[in-house]
Amino acid sequence: MRTKPQSPLINTPSLAGLALVVAMLFDAALSIQGLVPDQASLFPALAHFLDTQQIAERLHTGTALIAFTSGMILAVSLILIPMQRVYRAREARLLRERERLEAYNAKLAHQAANDGLLGIANRREFERVLELEWRRAARERQPLGLLMIDIDCFKRFNDSYGHQHGDTCLREVAGVLKAAAARPGDLVARYGGEEMVILMPHTSLEGANLIAERIHTMLAERALPFPDSPVAAHVTVSIGVSSLLPVRDANRATLVQQADEGLYLAKDTGRNRTASVPHLRLLHAADGSATWASQGQRA
């Protein structure tokens, strides 16, 4: 025996739920209007929630909150965000400007400390480093060596081959000096004209003489042509050597003076050689007083 199917309105969950919601809203509306007592209301909590006065208060509070939030969002959007973008752009621009100035200052410092033609330190930088190294040598009680180098008959070289070839000769000799004095602390500098110097920390007179002999050997191997030279068929140099241990009453000018005197001695004795003049040493007498004595050496 076939049974009659139930109504689809009853079996459909969505329709049942919709009916329940409608009933709740209808009951709440009647309770708000006082048509149904609170005790008889099916959903007193919902009726209380949907009370018109409370709804108005909630709407007023919500509207104020929404207005405040909207104002803050608008302020952030229209004022703070553009200000932040401007600040970041300005910060990036200032950073680029600072980097550009730092690079420019570094370039100026390099130009102020280096000889543009030879690519080595200039006289001013040599004087600055000499003062620093002299103080360091005094603190560490280590000798400071110096070579004073002059290209032999360079005026004749310029007169014979022109100043352009003379500049090339200077650069070649400077390259040899940098290769011979390859320690990180050594400083090769142009002292003036065709004269150059090499400042060598922690270097005794014997060590300085070794560097000088290396320069002579490297120049002979390089064999830069100089047929008009009265010394040799290639470019040669004369070198004055000095080395001092900074002590009381000594000064860095003595180091330079002794190297310069050694240079003139090398020139006077035939050029293309290394020489050193008597250098001063501080000796202590028996009574404790300090006197200066001299000792000579020639390489």
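Visitor: Which residues make the nonpolar surface patch of about 310 Å²?

Guide: Good place to start! In this predicted model, I79, L80 and M83 form that nonpolar patch.

Visitor: And where is L80 found?

Guide: Look along helix 4, which covers residues 52-113; L80 is found there.

Visitor: Which other side chains in helix 4 should I look at, and what joins R100 and E97?

Guide: The side chains of R100 and E97 meet in a salt bridge, with 2.6 Å from N to O. Both residues belong to helix 4 and sit three residues apart, about one turn of the helix.

Visitor: How many salt bridges does the structure hold?

Guide: There are 12 salt bridges in the structure.

Visitor: Now to the helices. How are two packed helices described?

Guide: The description uses the angle between their axes and the distance between those axes. Try it on helix 5 (residues 123-140) and helix 9 (residues 252-268): they pack at about 120°, and their axes are 10 Å apart. That angle makes helix 5 oblique to helix 9.

Visitor: Which residues make the contact?

Guide: Helix 5 brings F126, L130, E131 and W134, while helix 9 brings R252, L255 and V256. Of the residues in this contact of helix 5 with helix 9, five are nonpolar, two are charged and none is polar.

Visitor: Let me try another pair. At what angle do the axes of helix 6 and helix 7 cross?

Guide: The axes of helix 6 (residues 154-161) and helix 7 (residues 163-180) cross at roughly 135° and come within 7 Å.

Visitor: What does that make helix 6 and helix 7 to each other?

Guide: They are therefore oblique to each other. On the helix 6 side, the contact is made by F154, F157, N158 and Y161; on the helix 7 side, by H163, H165, G166, C169 and L170.

Visitor: How do the residues of the contact of helix 6 with helix 7 divide?

Guide: Five are nonpolar and four are polar, with no charged residues in the contact of helix 6 with helix 7.

Conventions
Residues numbered from 1 in each chain as written. Predicted model: local features only at pLDDT ≥ 70, side-chain atom pairs only at ≥ 80, totals over all residues. Heavy atoms only, no water. Patch = residues over 30% accessible without salt bridge, like charges linked within 9 Å, V, L, I, M, F, W, Y side chains within 5 Å. Areas by Shrake-Rupley, 256 points an atom, 1.4 Å probe, with all protein chains shown as cover. Salt bridge = Lys/Arg side-chain N within 4 Å of Asp/Glu carboxyl O. Helix = DSSP H or I, 4+ residues; strand = E, 2+ residues; numbered from the N terminus. Axes fitted to C-alpha atoms, helices over the stretch in contact; angles between N-to-C directions. Parallel < 35°, antiparallel > 145°, perpendicular 65-115°, else oblique. Contact = heavy atoms within 4.5 Å. Nonpolar A, V, L, I, M, F, W, Y, C, P; charged D, E, K, R; others polar.
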